[in-house]
Amino acid sequence: MGREVSESCIDSLLTEMVSTYCNRFYANKPELAARRIEAIGYQVGHQLSERYTMERPRFSDHLEAIKFICKDFWSELFKKQIDNLKTNHRGTFVLQDNHFRWLTRMSIDQSPENGASEEPSIMADNKAVQSMHLYFPCGIIRGALSNLGIPCAVSADISNLPACSFVVRIKA
Amino acid sequence: MIVCVAVVGHQNNPLYIQSFTDADDALKLHHIVHCSLDVVDERVNNPKKSGPPLNETFLGLLYPTENYKVYGYLTNTKVKFILVTTNLDVRDADVRNFFRRFHAAYVDAVSNPFHVPGKKITSRTFAERVSTIVKSFGLSSAG
């Protein structure tokens, strides 16, 4: 019954969204742009979790909900599951995706042979732009979990592209 | 015959209440829905061994009043659906089917980007879909 769009439309939309918020709407305020993008992700995650938990029995604890995010939710969004889930059993979970779909089109910086010639500020800029693209999926995860009754904070870690880790800290 | 359906959010705030009778007892129906929320909470927090398993969405018959039966359904996102009916011989399968279609209509209504989570559902499409589901309730059963 549902209508579908091609995946390249989603890719283009997300790229353009990050670019618009960072360069036009909040040109000199990257923190505000990041918060707005994350808020959009929050609402999307909220609504998607409503839809994808429809036929399922209720979750008995936090771990079940996180496993749902890693398996079913991620498969619906990205056609694959989270590759690695780590926890410290005290409310922090690390979800690692070894080939994050929305980052596959992003170029990875080739560092020069002698690393001293690369300006550290340029490398920092590149990292900042790359991390802007991750606020939306962080928001999606946060929205989905808070709709399941688990308030949390989600941050992303891209120390080795194209693998990407999402750190979920559940608020006590 | 279904008399009233209600959608209640996770903070027990009403999201949608619709009664389907001509009589002017909307207030009494709202009161019944309100009382059934306590039963839902009790069912979820104190599972009886003879009741449904802890993590099922369909909660079954909540409590019968003098001429109504009240059924409950709790989603994963802690949203409660309440169904009040005057049928005395309604089948379990019919009610489950009803809640399944009602859940689908609710998910579509909430996916509306103009809907604010926590506020009442004002979509006319949702209201029409609900009245269609209500009208076809129990009609598929023979006799």
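## Helix packing, buried positions and loop residues in a two-chain model

H89(A) counts as exposed, at a relative accessibility of 70%. This residue sits in the loop of chain A that runs between β1 (84-87) and β2 (92-97). Its backbone also deserves a look in this predicted model: the phi of H89(A) is near 60°, a positive value for a residue that is not glycine. Chain B offers a companion case in K78(B), which is likewise not a glycine and has a positive phi of about 65°. K78(B) lies in the loop between β4 (69-74) and β5 (80-85) of chain B. With a relative accessibility of 35%, K78(B) counts as partly exposed.

Staying with chain A, the strand β2 holds F93(A). At 6% relative accessibility, F93(A) counts as buried, the threshold for that class being under 20%. Once neighbours within four places in sequence are set aside, the contacts of F93(A) include L63(A) and I66(A), then L85(A), K86(A) and T87(A). Further along the sequence, F166(A), V167(A), V168(A) and I170(A) are also among the contacts of F93(A). As for S165(A), 72 residues separate it from F93(A) in sequence, while the C-alpha atoms of the two are 10.0 Å apart in space.

The loop that follows, between β2 and α4 (120-132) of chain A, contains H99(A). H99(A) has a relative accessibility of 46% and counts as partly exposed. Apart from neighbours within four places in sequence, H99(A) touches K80(A), D83(A), T104(A) and P162(A). Its C-alpha lies 23 Å from that of L63(A), with the two positions 36 residues apart in sequence.

Helix packing comes next, starting within chain A. A pair of packed helices is described by the angle between their axes and by the distance between those axes. For α2(A) and helix α3 (residues 62-78) of chain A, the angle is about 100° and the axes are 11 Å apart. The two helices, α2(A) and α3(A), are therefore roughly perpendicular. On the α2(A) side, the contact involves G45(A), L48(A), S49(A) and Y52(A), and these meet F68(A), F73(A), E76(A) and L77(A) of α3(A). Sorted by class, this contact of α2(A) with α3(A) comprises 5 nonpolar, 2 polar and 1 charged residues.

Across the two chains, helix α2 of chain A (residues 30-52) also packs with helix α2 of chain B (residues 92-110), here at an angle of about 165° and with the axes 9 Å apart. Because angles over 145 degrees count as roughly antiparallel, α2(A) and α2(B) fall into that class. Their crossing is left-handed. Q47(A), E50(A) and R51(A) make the contact from α2(A), and Y106(B), V107(B), D108(B) and V110(B) make it from α2(B). The make-up of this contact between α2(A) and α2(B) is 3 nonpolar, 1 polar and 3 charged residues.

On its own, α2(B) has 19 residues and spans 27 Å from first to last C-alpha, close to the 27 Å expected at 1.5 Å a residue. Buried positions in α2(B) start with D94(B) and V95(B), and continue through F98(B), F99(B), F102(B) and H103(B). Towards the end of α2(B), the buried residues are A105(B), Y106(B), V107(B), A109(B) and V110(B). Of these, Y106(B), V107(B) and V110(B) belong to the contact with α2(A) as well.

The wider setting is the fold of chain B, which has 3 helices and 5 strands. Along the sequence, these elements of chain B follow the pattern β-β-α-β-β-β-α-α. Chain B has 143 residues, and 41% of them are buried. Among contacts in chain B with a separation of 6 or more, 54% join residues 24 or more positions apart.

Helix α1 of chain B, with 20 residues, reaches 29 Å from its first C-alpha to its last, close to the 28 Å expected at 1.5 Å a residue. L29(B), I32(B), V33(B), S36(B), L37(B), V39(B) and V40(B) are buried in α1(B). The buried residues of this helix pack against β1 (2-8), β2 (14-19), β3 (58-64), β4 and β5 of chain B. S36(B), which belongs to α1 (residues 26-45), makes a good close-up: its relative accessible area is 0%, so it is buried. Beyond neighbours within four places in sequence, S36(B) is in contact with L62(B), Y63(B), V70(B) and I82(B).

Notes
Residues are numbered from 1 along each chain as its sequence is written. Chains are lettered from A and ligands numbered from 1 in the order in which they are written. This is a predicted model: local features need pLDDT of at least 70, side-chain atom pairs count only at pLDDT 80 or more; totals for chains, interfaces and linings use all residues. Side-chain values use heavy atoms; hydrogens and water are left out. Axes are lines fitted to C-alpha atoms, for helices over the stretch in contact, and angles run from 0 to 180 degrees between N-to-C directions. Helices (H or I, at least four residues) and strands (E, at least two) are DSSP runs, numbered from the N terminus. Angles under 35 degrees count as roughly parallel, over 145 as roughly antiparallel, 65 to 115 as roughly perpendicular and the rest as oblique. A crossing is left-handed if the near helix is turned anticlockwise from the far one by less than a right angle, and right-handed if clockwise. Contact means heavy atoms within 4.5 Å. Ala, Val, Leu, Ile, Met, Phe, Trp, Tyr, Cys and Pro count as nonpolar, Asp, Glu, Lys and Arg as charged, and the others, Gly among them, as polar. The expected span of a helix is 1.5 Å times one less than its number of residues. Buried means under 20% relative accessible area, exposed over 50%, partly exposed in between (1.4 Å probe, protein chains only).
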